[in-house]
Amino acid sequence: MGYNKKMIILLSLSVASVLLFVFWDVGGEWDYVLPRRLEKVAAITMTGAAIATSTVIFQTITNNRILTPSLIGFDSLYVLLQTAIVFLFGGGTLVMMNSHFHFLLSVGLMVVFALLLFLFIFKKEGKNIYFLLLIGIILGTFFSSISEFLQVLIDPNEFLVVQDKMFASFNNANTELLLVGGVLLLAATLYLFRYVKYLDVISLGQEEAVNLGVNYDAVVKRLLGVIAVYVSVATALVGPITFLGLIVANVAHEVFRTYRHKYLIPGAIFVSIFSLLIGQWFVEHVFTFSTTISVIVNFIGGIYFIYLLVKENDVW
Amino acid sequence: MVDVTNVSKAYKEVKVVDDVSVHIKKGTITSFIGANGAGKSTLLSMVSRLIPKDEGSVLLDGEEITSYDNKELAKRLSVLKQSNNIKVRITVRELVSFGRFPYSQGKLKKEDEKLIDEAIEYMQLEDFEGRFLDELSGGQKQRAYIAMVIAQDTEYILLDEPLNNLDMKHSKQIMKALRRMVDDLGKTVVIVIHDINFASCYSDHIVALKDGKCVYEGHPEEMITNNVLREVYDMEFNVCNIDGNRICVFFT
Ligand SMILES: Nc1ncnc2c1ncn2[C@@H]1O[C@H](COP(=O)(O)OP(=O)(O)O)[C@@H](O)[C@H]1O
Ligand SMILES: [Mg+2]
């Protein structure tokens, strides 16, 4: 099957999932239900696209298919930052805080920390992925331990505020934040467009890229900056969905079996939107909100992660 | 012309390339020889800016190699590493097409396609061009990598053990191809090579490295002698003159 045909199928699946999600069982109250569902679709599309794109690029740079930004400690970093904000300013502040301000503060802090984290990890020579994974796990555990320590010190009522932030949820998407988040994502995407042509070359490896005239270190730093913005906005918007990136990037690689990012990135985006919408549909209509999307995605993604680790051979 | 002056590189205080100076003339084949671990690959990687050097300078036509614009340099100098392990799923033709990236930035034009065809033909890969790299034998893969470097069409071509994995027929074919590129197209070739008989028959200049130092350099006539080779490799050689070529016998 040709690349374009596969792309059309994935696109159709995403469109179908949008239609299912928006129009399923509306009941009589169109005026009330439709705008809310469309907001969720917007949140899901943005988050899904941001996580898919950032994971594909991250895996291209690290030359592996197991590591994702979430898996090297980014998600625990997010929880730590939320905990730290409550710890320092009090839960009341977090609830009362102007949502724009809180959002931009979270995104800003995370971009800074993500960049530091990435640069720290990339400075190590000979990027053995098991070594990176190990560092990621250690950093993740380290961040989680600090979070837990702070959470013990926080007033239990305030702890609830943090806990609410720890699980991804589209159940209360916020339109105002969608707009700010959308603008940030758009800006990052425009910036990314200047560097997409290098992605295919970078997937050949650092030395090939240098031989072919890519200013490797500079380009990789910029790409990491874009990834930092993508994952930060997505996580601040809905919370961590640890295994989503892993699933969608790998499915895109399996479906297209190519190095070409003009297929991999859109493919991963469509898979991402499709899985999130179907997952959210299950949350709303089958589980009637008794669980959240991140629980479902992480359950499936966790199994897939173990499968990848077990079968890991170096064929892309 | 490439001027390598007082170049050094140390890993953990151990100098693996120690104060090496080499002059590479335009329009010649220069061979680096020496035992495993002598520092040949490290030197070649520094000359081609793949790894930073600790000391010294590498001037390409008078300008320090690291101060070139990346894209412009990639149009003038190409390098193939000793071991290449591209992990992505890619066909031979797609790989060779990457050689055009410095010119096309990813958008191949007609003349790019023409040069890609020529490079594939040069390495006799026509029958494999649609095959995926991971479905090829080691020698076929090696030829695909060399074809990519040929498609890059640079004045300077640096190859680390290009005969790796190749049978005698293809080794000879590649050495002849390199010779033609130098004689007919005026290119400058630098190779790391273990087969000293190929080095003897095809090079204009041989540089011998030992423990990170350049111990001898010169024309094959001066280099392929019992005394020089004994010093470089710490073993006995018997250099014979066969059909006008200096051939080393060292098998027994
Ligand atoms: N990245 C590295 N880290 C540490 N030691 C290295 C590294 N690369 C090469 N070396 C050491 O430098 C010496 C020269 O290596 P190399 O240039 O690859 O030799 P060769 O002449 O066989 O190509 C060897 O002893 C090797 O172990
Ligand atoms: Mg070597």
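**Cavities.** I searched the whole of this predicted model for enclosed spaces and found two cavities of 30 Å³ or more. I took the largest cavity, which has a volume of about 110 Å³. I listed its lining and got 15 residues. Nearest the centre of this cavity I noted Ile51(A), Ser70(A), Asp75(A), Val231(A) and Thr235(A).

I then looked up which helices form the lining of the largest cavity. H2, H3 (74–89) and H11 of chain A each supply at least two residues. H11(A) gives the most, with three residues. Sorted by class, the lining has seven nonpolar residues, seven polar residues and one charged residue.

**Second largest pocket.** Next I turned to an open space, the second largest pocket, and recorded a volume of about 980 Å³. I found 36 residues in the lining of this pocket. Val196(A), Lys197(A), Asp200(A), His261(A) and Lys262(A) lie nearest its centre.

Which chains supply helices to this lining? I found helices of chain A together with helices of chain B. From chain A, H2 (30–62), H8 (175–193), H9 (199–202) and H13 (261–286) each supply at least two residues. From chain B, H3, H4 (101–104) and H5 (110–122) do so. H8(A) gives the most to the pocket lining, with six residues. I sorted the lining by class and got 18 nonpolar, nine polar and nine charged residues.

**Nonpolar core.** In soluble globular proteins, nonpolar side chains tend to be buried together. I looked up the largest nonpolar core here, which has 184 residues. The members touching the most other members are Leu223(A), Ile33(B), Leu43(B), Ile90(B), Leu178(B) and Leu229(B). Helix H11 (residues 216–238) of chain A gives the most to this core, with 15 residues. I had already met H11(A) in the lining of the largest cavity.

I followed up Leu178(B), leaving aside its neighbours within four places in sequence. Leu178(B) is in contact with Ile29(B), Leu159(B), Val189(B) and Ile191(B).

**Magnesium ion.** Which residues coordinate the magnesium ion (ligand 2)? I found Ser41(B), through OG, and Gln82(B), through OE1, at 1.9 to 2.3 Å. Ser41(B) lies in helix H1 (residues 40–47) of chain B, and Gln82(B) is in the loop between strand S6 (77–80) and helix H3 (92–98) of chain B, so the pair ties together parts that are 41 residues apart in sequence.

Last, I checked how exposed the two residues are. Ser41(B) is partly exposed, with a relative accessible area of 23%. Gln82(B) is also partly exposed, with a relative accessible area of 32%.

Note on methods:
Residues numbered from 1 in each chain as written. Chains lettered and ligands numbered in written order. Predicted model: local features only at pLDDT ≥ 70, side-chain atom pairs only at ≥ 80, totals over all residues. Heavy atoms only, no water. Donors = N, O, S within 2.8 Å, 3.2 Å for Na, K, Ca; no water. Helix = DSSP H or I, 4+ residues; strand = E, 2+ residues; numbered from the N terminus. Buried < 20%, exposed > 50% of the residue type's maximum accessible area, 1.4 Å probe, protein only. 1 Å grid on protein atoms, 1.4 Å probe; cavity = no way out; pocket = protein on both sides within 12 Å on 5 of 7 lines; lining within 4 Å. Points joined across faces, edges and corners; volume = space filled by probe spheres on them. Nonpolar A, V, L, I, M, F, W, Y, C, P; charged D, E, K, R; others polar. Core = buried A, V, L, I, M, F, W, Y, C linked by side-chain atoms within 4.5 Å. Contact = heavy atoms within 4.5 Å.
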